[in-house]
Amino acid sequence: MKLRHYELIAWGQRHIVWGTLRPVATLQVQEQVALAPFTTLGVGGSARFFARVASENELEEAVAFATKHSLPLFALGGGSNLVIRDEGFHGLVLHLAIGGEMQMSGAGDGIRYDVPAGVSWDDFVLSACEHGLTGVECLAGIPGLTGGTPVQNVGAYGQEVSQTIGSVRVYDRVVRAFLVLTNEQCCFAYRTSCFNTQPSGRYLVTQVSFDLKAGASAALRYPELKSRFLDSTPLPLEVYHVVREIRRAKGMLFSASDPDSRSAGSFFKNPFVPASRLGEIAEEAAVAPASVPHWPAALEDRSAPHVKLAAAWLVQMAGFPKGFSDGAVGISSRHSLALVNRGGAHFSDVARLRDRIREEVYARFSIRLEQEPVELGPETRDPF
Ligand code: EPU
């Protein structure tokens, strides 16, 4: 593979902050880097340019490189919620790997945890649980990096990161400066935030601060989790281990030795529909309305009551059971919402199965399933 180094030392030296010289960083930009190995699904083409960014200085340099060469820019984190198209990406992929120590501060019940964006999400959750802190214990075992979690407001087993994020430090490509956004400024909702709406790409996350609680009971809202502890009050670390066990059983714990985990997690979002439609959905599936998995949905902007449906159930009812195969791709044998790469798959294989599922679900239930993972390809826009 051809490798070129673009040394931007002079650019780094110009930046003087508070009368001191910032450390000089040397950004290395590679060309034609295969992106599939950076994702858990493992499909897709190459990035024309690729830079691993390990500090905020390098991040500024990478943004300057993209601007100078009029390249679209895409921020890659842990690649666990990402699907790459076979044509790849013709701009600069900035691999956000800003590491460093997690910092705890505060006294009494409220503890603040400042976590660099490149820290593994599960390492942070484990550390918080080991310190007896609650707030993220149900989010154990989610693959990826901490910096990616606010983007889609990661959630599982009754918790969402929006419930504990105090603030997010970002590089704002519009004002060209580092800013700290408060929780309210992140506009969190189900699987969305200002980072993946309005449009995505404006903010590059460099650190996330969480407000956790000491001495509080772990959250057990999810029936599957509650049933594991019955009447006991578990420690956060106990919840951490049980959640990982549940995720492993569903093939949702990434492991190189588990073929069901070669996926991008849930491939579709759980859809919201008016509660009045439950009857017809049940009829279409030939089950009693009470057997349609659904949860009341708190949607402030809708006048009629809505429910959230399980996309996994709709996929199954549309004729795509667990373990379904379609050439090099298929459906996980343990969860019908995960499309898996069975080895050597291309994006086109994934897209074909995705479209078949969407069409069948629409034909049967008149519900349009929305793709959950981010998709990167030549047409991916970067308005900044
Ligand atoms: N179900 C099926 N078939 C299956 C699996 C589930 O019919 O193969 C039905 C069952 O009725 C079950 C219901 O779907 O009760 C919900 O399933 P599950 O508890 O596994 O949750 P989910 O709604 O499919 C969501 C998140 C997951 C998160 C889990 C646990 C979305 C799109 N997905 O899945 O997040 O781990 O809840 O809280 O909201 C992800 O986003 O990548 C992800 C893994």
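Helices and strands here are DSSP runs, of at least four residues for a helix (H or I) and at least two for a strand (E), and both are numbered from the N terminus. With that in hand, we can place our first residue: arginine 191 is found in the loop between β14 (177-182) and β15. The model you are looking at is predicted, so please read each value below as computed from that model.

## Around the ligand

Let us start with the ligand. Which residues are closest to it? They are Tyr157, Tyr190, Tyr222, Gln316 and His335, and 25 residues surround the ligand in total. By class, this shell holds twelve nonpolar, seven polar and six charged residues.

Some of the surroundings can be described atom by atom. An oxygen atom of the ligand lies 2.6 Å from a backbone N or O atom of tyrosine 157. For tyrosine 190, the partner is in the side chain: one of its N or O atoms is 2.8 Å from a ligand oxygen. At tryptophan 313, a polar backbone atom is 3.5 Å from an oxygen atom of the ligand. How much of the ligand does the protein cover? On its own the ligand has 820 Å² of accessible area, and the protein covers 83% of it.

Where in the chain does the shell come from? The elements that supply two or more residues are β11 (155-156) and α7 (311-317). Helix α7 gives the most, with three residues. On the scale of domains, both domain 2 (103-249) and domain 3 (259-376) contribute at least three residues each.

## Two helices, checked with a ruler

Now try a small calculation on helix α8, which runs over residues 347-365. The helix has 19 residues, and at 1.5 Å a residue they should span 27 Å. In the model, the end C-alpha atoms are 26 Å apart, so the expected and modelled spans agree. The buried residues of α8 include Phe347, Leu353, Ile357, Val361 and Phe365, together with the charged residues Asp349 and Arg354. Just past the helix, serine 366 has a positive phi, near 55°.

Helix α2 (residues 56-68) can be checked in the same way: its 13 residues should span 18 Å, and its end C-alpha atoms are indeed 18 Å apart. Among its buried residues are Asn57, Leu59, Ala62, Val63 and Phe65, and also Glu58, Glu60 and Glu61. Just after α2 comes serine 70, with a positive phi of about 50°.

## Positive phi angles

Why mention the sign of phi? Most residues other than glycine have a negative phi, so a positive value in such a residue is worth pointing out. Serine 70 is a case of this, as it is not a glycine. Arginine 191 also has a positive phi, near 60°, and is likewise a residue other than glycine.

## Buried or exposed?

Each residue in the table has a place in the chain and a relative accessible area. Under 20% counts as buried, over 50% as exposed, and anything in between as partly exposed.

| Residue | Place | Relative accessible area |
|---|---|---|
| Serine 209 | strand β15 (203-214) | 4%, buried |
| Proline 116 | strand β9 (110-116) | 8%, buried |
| Arginine 191 | loop between β14 and β15 | 13%, buried |
| Proline 143 | loop between β10 (133-134) and β11 | 28%, partly exposed |
| Arginine 364 | helix α8 | 31%, partly exposed |
| Serine 70 | loop between α2 and β5 (73-76) | 64%, exposed |

What does the side chain of serine 209 make a polar contact with? Its partner is the side chain of aspartate 114, at 2.6 Å. Serine 209 is itself buried, because its relative accessible area of 4% is under 20%.

## Distance along the chain and in space

Separation in sequence and separation in space can be set side by side. Proline 143 and phenylalanine 254 are 111 residues apart along the chain, yet their C-alpha atoms are separated by 6.4 Å. Arginine 364 and glutamine 159 are 205 residues apart in sequence, and 31 Å lie between their C-alpha atoms. For proline 116 and arginine 368, the figures are 252 residues along the chain and 37 Å from C-alpha to C-alpha. Try finding these pairs in the structure above.

Conventions
Residues numbered from 1 in each chain as written. Predicted model: local features only at pLDDT ≥ 70, side-chain atom pairs only at ≥ 80, totals over all residues. Heavy atoms only, no water. Near = heavy atom within 4 Å. Polar contact = N/O pair within 3.5 Å; in protein donor to acceptor, adjacent residues only side chain to side chain. Areas by Shrake-Rupley, 256 points an atom, 1.4 Å probe, with all protein chains shown as cover. Domains from an automatic or database assignment. Expected span 1.5 Å × (residues − 1). Buried < 20%, exposed > 50% of the residue type's maximum accessible area, 1.4 Å probe, protein only.
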